[in-house]
Amino acid sequence: MKACIRGAAVAMTAISMAVALAACGQGAGNDSDGGNTPRIGLLLPDATTARWETQDRPLLEKAIKELCGNCTVEHANAEGNVAAQQEQLNSMITKGADAIVLVAVDARSLGAAVRKAAEADIPVIAYDRLAEGPISGYVSFDGEEVGRLQGRALLEAMGDRMNGGQIVMMNGDPSDPNAVSFKKGALSALEGRVEIGKAYDTLHWRTETANMNMSGAISALGVGNIDGVYAANDGLAAGSISALKANKVNPLPPVTGQDAELSALRRIVSGDQYMTVYKPFGPEASAGAAMAVAAARGESLDRVATGQVRARGGAVPAVLLPPVSVTVDNIKDTLVKDGVYTIQQICTPQLRAACGKAGLS
Ligand code: BGC
């Protein structure tokens, strides 16, 4: 095991090292699974935002299998329904899961169920969203930095309107602590620089709600009076952009986003969206899987964590990763390079010319 740690430390970054350590534990004959089949529950919040089912779920399942061949993963998606997620969590407690990975629909409302899991000695790993209650570990990105990247990029894209121009803010769901951090980070870049004509919180991060709110903002502010749109993620960007187009706002103002969704990258190439924030899915899932496997085996999470956050009134082992700002200029060096999407996937026949111009060929 010691040689294993040395090898890992020399060759790897913090995250891949954490994953390698969990794998070393297994490879070195750590049989704390005791021949059992550790059961890991995976609770996702909704199918509105593409990442949960298309990126996080398959990557987490794969990474868990790699670290623990005999682990099983039981997955459930709450479809944005708090009561459904409470029920799913309770059912996993009843069935005796060994660890639960939770992306909470609503951090506060899930607190009691998290406490119940802890009382049943089932560790809960808060994945991406910091859940309330006695969680055992946390894996995410620096949320305020996400907001700062979005805010700064928006100012840059607004050019000579960057001082005194008027923007609309499409924030996320305030029951998601990440949304609160994104907004705080964004405001730290935007306040005092631009006029915030309208700002909305978006329940359940729904694209349709952002679409409706943007139509309302256009009616209230006037078609030609929106110089920029802060959209907290790509779904809200999509809803905002379709409302801008339906209301014949031309040219479109710069719009931010987050999640590096395939459809957002296509909008960025075509010029409809200015930027997105890429939060590398692979490292987040690897860290989440390493925590879940360690927790299911009853091992300490400290050797998987690279830091701590203050939660549940104490320090929780955590992995916090840095987000990356993506515009048309660095799609190739980030998402294509990391193998998230191929150029062929991004560049549909209609985008061929724009892709060529963007060096995506
Ligand atoms: C995640 C974002 C996601 C949003 C909506 C946040 O908690 O960090 O990546 O876009 O939820 O699902």
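Colleague: How many bridges join strand β5 to strand β11?
Modeller: This is a predicted model. In it, β5 covers residues 137–141 and β11 covers residues 314–321. The two strands run parallel, and the number of bridges joining them is four.

Colleague: Which residue in β11 is the bridge partner of Ser140?
Modeller: Ser140 falls within β5, residues 137–141. Its partner has to be sought in β11, residues 314–321. That partner is Leu320.

Colleague: In what order do the seven strands of the open sheet stand, and which are the edge strands?
Modeller: The pairing in this sheet is mixed, and the twist from one strand to the next averages 25°. The order is β2-β1-β3-β4-β5-β11-β10. An edge strand pairs on one side only, which leaves β2 (72–77) and β10 (307–311).

Colleague: At about what angle does α11 run to β5?
Modeller: Helix α11 spans residues 281–296. It lies across β1 (39–44), β3 (99–102), β4 (124–127), β5 and β11. Its angle to β5 is about 180°.

Colleague: Is Phe281 buried or exposed?
Modeller: Phe281 lies in helix α11. Its relative accessible area is 3%, and the cut-off for a buried residue is under 20%. Because 3% falls under that cut-off, Phe281 is buried.

Colleague: Which residues is Phe281 in contact with, leaving aside its neighbours within four places in sequence?
Modeller: Contact requires heavy atoms within 4.5 Å. With those sequence neighbours left aside, the residues in contact with Phe281 are Arg51, Gln55, Leu59, Asp259 and Val340.

Colleague: How far apart in space are Phe281 and Gly271?
Modeller: In sequence, the two are 10 residues apart. From C-alpha to C-alpha, the distance in space is 25 Å.

Notes
Residues numbered from 1 in each chain as written. Predicted model: local features only at pLDDT ≥ 70, side-chain atom pairs only at ≥ 80, totals over all residues. Heavy atoms only, no water. Buried < 20%, exposed > 50% of the residue type's maximum accessible area, 1.4 Å probe, protein only. Pairing = 2+ DSSP bridges. Axes fitted to C-alpha atoms, helices over the stretch in contact; angles between N-to-C directions.
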